[in-house]
Amino acid sequence: MHILVCIKQILDPEISSQHFQVDRGGKKAVQGDAALVINPFDENATEVALQLKDRQKESIVTVLTLGQEPSDKALRRALSMGCDEAIWLKDPNFEGLDSFATAMIIAKGISHAAHVDLILCGRQAGDWDMGQVGTLIAEELSLPCVSTVFSIDFEEDKLLLRKEAEKGVEVWEARIPMVATITSASSNQSRLPTTKGILSSTRRKITVWSAQDLRISEIPPRRLVVEDLMVAHYGRETKIIEGENGQEKGAKLAQHLVQIKVI
Amino acid sequence: MPAILAVAVLRDGVLSTPTREILGMARRIAEQSGDQVATALIGAGVSSFAQELIASGTDVVYGSEKDPLREFHTNLYGEILEHIAEKAKPDIVIFPGETTVMDLAPRLAFRLGAGLVTDCIDFEIQSGRLLLTKPVYGGKALAKMRAATPRIVVTVRPRSQAPLARDPRRKGELIMVEVPTQPRVPDLVLVRRVAEEKEEGNLEDARVVVSGGRGIGGAEGFQELRQLAKILDGALGATRAAVDAGWTPPSSQVGQTGKIVAPDIYFAIALSGSSQHLAGMTGSKVIVAINRDPDAPIFRAANVGVVDDYRNVLTGLVGELEKILSK
């Protein structure tokens, strides 16, 4: 089986709110000291792919990204985790894209690659939190798609996908080729790169495809306009409960909650 | 012709609460724009819900029913919806932000050539244009967006919009729509639903939510939180870190990618207050933070804070509450 995982390099979403700033004019976050990382849900997707490969050794896992420098760092990391091939869709025109243009270009990239059976994407990227690209890739390629999947099993010629649903878990059956978007779960926390993986990943060749390689002559215009971007404020005035020790503070907290009539 | 189309979702045989919320939103947009509100309702036996949809704010209900629709199928539903959109010619399509219809919104937007804003929490109309507010960067920022296309598709975060009071005197009409039998994209088969080991109490409806994070240290620690939730008749919540560690089931996750809650009291225990968690609970009336680290960001979002080891604080809190509540 050929599994292709779409990953995106984003600003580390773990950066604390205090250090988070936006460029209101440019309508984007300021990088500051924050690192660039693989979108966490894309790491979960990579892990799901590698677990399938662990069970079916002949499977090939290709990792694909669309982005400018230094997106190759994200690809190298995925290679060092155990992915086999890496594709970088890179072109000066691939800038400022919306979800629709992104999905169109990735779909062209997938069609340009060797036959793909299973396409995995993170459920959403931790920058714009749109959660659209995975389903749009499926739409571009006329493939079925299951969202918020956290684990996949392969059974003969079909896949069993466990999906987080409104209530509990749903198990869906699908035939390849198909698309799944992956959510985080205890079972798909991403493995760490091994030293051997890191060493060999630096020597691996990354396939780079431009708009011309993919025969894309025109980038579709954005379907949305961002009018404003501002930092969210959640601040409240905080009353700190004092006391001799934790237990006393706990008792005083109970009394305070009764006093302010919430209990 | 109606210019707003709301997509209704049935859950356990009734209209879902988020459906009522988007109907309220659609009505409020319509009041300013003078448009009609249409609702698409797909499923089995749906015509019986038409009156209820009309009472909740709809002018025209487009219904589609047939036996295969008893179970939700994204691709078939998508095609019916596309068909309804051709008839209703909406400028704005609104979906409730529920996982069941998560895949439908992008597919429909694609087919309508429309822009798509997901997870909206607010809207305004500026010089006749719909402007939508959406949390981004894991809730650390808010973006205001509008369509660059003539049409727009929107998904709305549950609990962010108020439903309308039902008015049984409201008038409207029901139009039944024929169903295509074979979707263009092959459909998938739902093999089974696995009822998850479920926490006591419904997180989204609970008056009290007791949540724990990484600092709880393990599944055992959550037992103490359950005890507090139990005596206050509340529900247990958790951060993504705690869920990913396998200490509590995924259904307990509160945050940007989990449940959005707004209880009267929210206990945030041994959790630092990542913005993606805050995005799921800042609508709470009173937020109580218990954390060893006085610099934890959660304290800035809290009304009441206790700086200490959560175990000792819980012992004192639970003991005192039992005393107070037994009176």
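Me: Looking at chain B, what share of its contacts with a separation of 6 or more is between residues 24 or more positions apart?
Reply: That share is 66%. Keep in mind that this is a predicted model.

Me: Ok, and how many helices and strands does chain B have?
Reply: Chain B has nine helices and 18 strands.

Me: What radius of gyration does chain B have, and what would a compact globule give?
Reply: Chain B comes out at 22 Å. A compact globule with 327 residues would be near 20 Å, so the two agree.

Me: What about the span along the principal axes of chain B?
Reply: The C-alpha trace covers about 65 × 45 × 40 Å.

Me: And how much of chain B counts as buried?
Reply: 55% of its 327 residues do.

Me: Switching to the interface. How many residues does each chain put into the contact?
Reply: Chain A gives 73 residues and chain B gives 83.

Me: Which element supplies the largest share on the chain A side?
Reply: H6(A) does, with 11 residues. That helix runs over 246-259, and other elements supplying at least two residues include helix H3 (99-112) and strand S9 (145-155) of chain A.

Me: How do the residues on that side divide into nonpolar, polar and charged?
Reply: On the side of chain A that touches chain B, there are 36 nonpolar, 22 polar and 15 charged residues.

Me: In which sense do S14(A) and strand S10 of chain B pair, parallel or antiparallel?
Reply: Antiparallel, over seven bridges, with S10(B) being residues 141-147. S14(A) itself is 224-231.

Me: Which residue in S10(B) is the bridge partner of A:Met230?
Reply: B:Leu142.

Key:
Residues are numbered from 1 along each chain as its sequence is written. Chains are lettered from A and ligands numbered from 1 in the order in which they are written. This is a predicted model: local features need pLDDT of at least 70, side-chain atom pairs count only at pLDDT 80 or more; totals for chains, interfaces and linings use all residues. Two residues are in contact if their C-beta atoms, placed from the backbone, lie within 7 Å. Helices (H or I, at least four residues) and strands (E, at least two) are DSSP runs, numbered from the N terminus. Ala, Val, Leu, Ile, Met, Phe, Trp, Tyr, Cys and Pro count as nonpolar, Asp, Glu, Lys and Arg as charged, and the others, Gly among them, as polar. Two strands pair if DSSP finds at least two bridges between them. The radius of gyration is taken over C-alpha atoms; the globule rule is 2.2 Å times the number of residues to the power 0.38. A residue is buried if 20 or more other C-beta atoms lie within 10 Å of its own, exposed if 12 or fewer, and partly exposed in between; C-beta atoms are placed from the backbone.
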